[in-house]
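Colleague: Could you take me through one part of this model in detail? I'd like one strand and whatever surrounds it, charged pairs included.

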Amino acid sequence: MAGGDGLAGHVPAGRQGPLCGQAAPPRTSEENWRRPRAGRPWLDRPRAEGALVNPEFFDRETVTVARDVLGKLLVREVEGVRMWGRLVEVEAYLGPDDLAAHSRGGRRTPRTEVMFGAPGHAYVYFTYGMHWCLNFVTREEGVPQAVLVRALEPGPGVGRCGGPGLVTRALSIDSALNGITLQPPDLYVIDDGAPKRRIFVTPRVGVQGTGRWEKRLLRFCYDSPHLSRPIPKTRRGG
C-alpha cells in the first residue's frame, strides 16, 4: 500500500461555472447551501481550488478511501470550464467476495477490466439503459474494488447531483472517461481543506438479493439535502 496522504501540489482556480453559452439554472430553496451560514464555513466556498489528490490516495483499503474522500471536491473540466461538487455520498464495493460488485466471483469482462487495473482511475459504466455511473478504482492492481460516487453538493452553475446518474449528467461524464487517470485536465479530486463532518454509515442502495452483503454497512455519507436517499432515522441516532 502507498504511504502518505496522497496529496500533490495546489490546483489554482480556473474558469468556474456552467459551460460557455449555458445559463446557470435558477437557485432553488434546496440549493441555498451555497449561502454563508454561521458556524458552517464549508458551505461558503465558491471556487474549486486546493491540493490535488494523487492516485496513491486510492491505493488503500476501499472502505478507508470511501470515508476519506467525503468532503473533497470532484472536478470536471470541459473546454477550459471547471465544474465541481463536494462529495457527500459514496459506496464501497469490495471485489470478488462482494455479491453486489461487478467483479463478484472474479468476473473479468471488457466492462470490468478497468477495476483490475491500477488505483486512481475512473470506472464509468452504463446502467438501466439510461444512466452513467462514476467509480474510483481502489486497491493495488489486480484487486478489483471501487468506490461509487452517489451524490455531490453541486458547485455554482452545476445541476442536481442527488444520485449517481445525476452526478454524471451534471458533470458531463460518460464512457469517454472510462479508464482515465483521475488527474487534470479532465476529471480529478482536490482537497480544499474543508472541515470534516460527521459520517453516517448505512447499507448500500439497490443491492437486494445479495445475501449478507445486502445489509453490510458500506454506504458513507454526510448529512446533506443533496443525498440520493435520506439517512434512516435509526442511523441518525447512532
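Modeller: Here is a walk around one strand, its partners, a helix and some charged side chains.

First, the ground rules: this is a predicted model, so local features need pLDDT of at least 70 and side-chain atom pairs count only at pLDDT 80 or more, while totals for chains, interfaces and linings use all residues. Residues are numbered from 1 along each chain as its sequence is written, and side-chain values use heavy atoms, with hydrogens and water left out.

Let's start at β5, residues 81-93. Strands here are DSSP runs of E with at least two residues, helices are runs of H or I with at least four, and both are numbered from the N terminus. β5 is mostly covered, with 13 of its 13 residues buried. Buried means under 20% relative accessible area, exposed means over 50%, and partly exposed lies in between (1.4 Å probe, protein chains only).

Now the partners of β5. Two strands count as paired if DSSP finds at least two bridges between them. With β4 (residues 73-78), β5 pairs in the antiparallel sense over 6 bridges, and leucine 73 sits opposite arginine 86 of β5. The β4-β5 hairpin has 2 residues between the strands, and glutamate 79 there takes a positive phi near 55 degrees. β5 also runs antiparallel to β8, joined by 8 bridges; here leucine 87 has leucine 152 in β8 as its bridge partner. Then there's β11, again antiparallel to β5, with 3 bridges. On that side, valine 90 stands opposite phenylalanine 220 in β11.

What about the helix? In α1 (residues 62-69), Thr62, Val65, Ala66 and Val69 are buried. They lie on the same side of α1 because they cover an arc of only 100 degrees around the axis, taking the arc from the directions from the helix axis to the C-beta atoms. The buried residues of α1 pack against β5, and also against β7 (131-138), β8 (145-154), β9 (187-191) and β11 (219-221); contact means heavy atoms within 4.5 Å. After α1 comes glycine 71, with a positive phi near 90 degrees.

On to the charges. A salt bridge is a side-chain nitrogen of Lys or Arg within 4 Å of a carboxyl oxygen of Asp or Glu, and the whole structure has 12 of them. Glutamate 77 and arginine 82 form one at 3.6 Å, N to O, and both residues are buried. Glu89, Glu91, Arg150 and Arg219 are tied together in a network of salt bridges.

Arginine 197 and glutamate 153 make another, at 3.0 Å, N to O. That pair links distant parts of the chain, 44 residues apart: arginine 197 is in the loop between β9 and β10 (200-202), and glutamate 153 is in strand β8. Arginine 197 counts as buried because its relative accessible area is 12%, and glutamate 153 is buried too, at 2%.

For another pair, look at glutamate 140 and arginine 139, whose side chains meet at 3.2 Å, N to O. Glutamate 140 has 31% relative accessibility, so it counts as partly exposed, whereas arginine 139 is buried at 14%.

Last, the cysteines. Cysteine 133 is buried, with a relative accessible area of 5%, and cysteine 221 is buried at 0%. A search of the whole structure for disulfides (pairs of cysteine sulfur atoms within 2.5 Å) finds 0.
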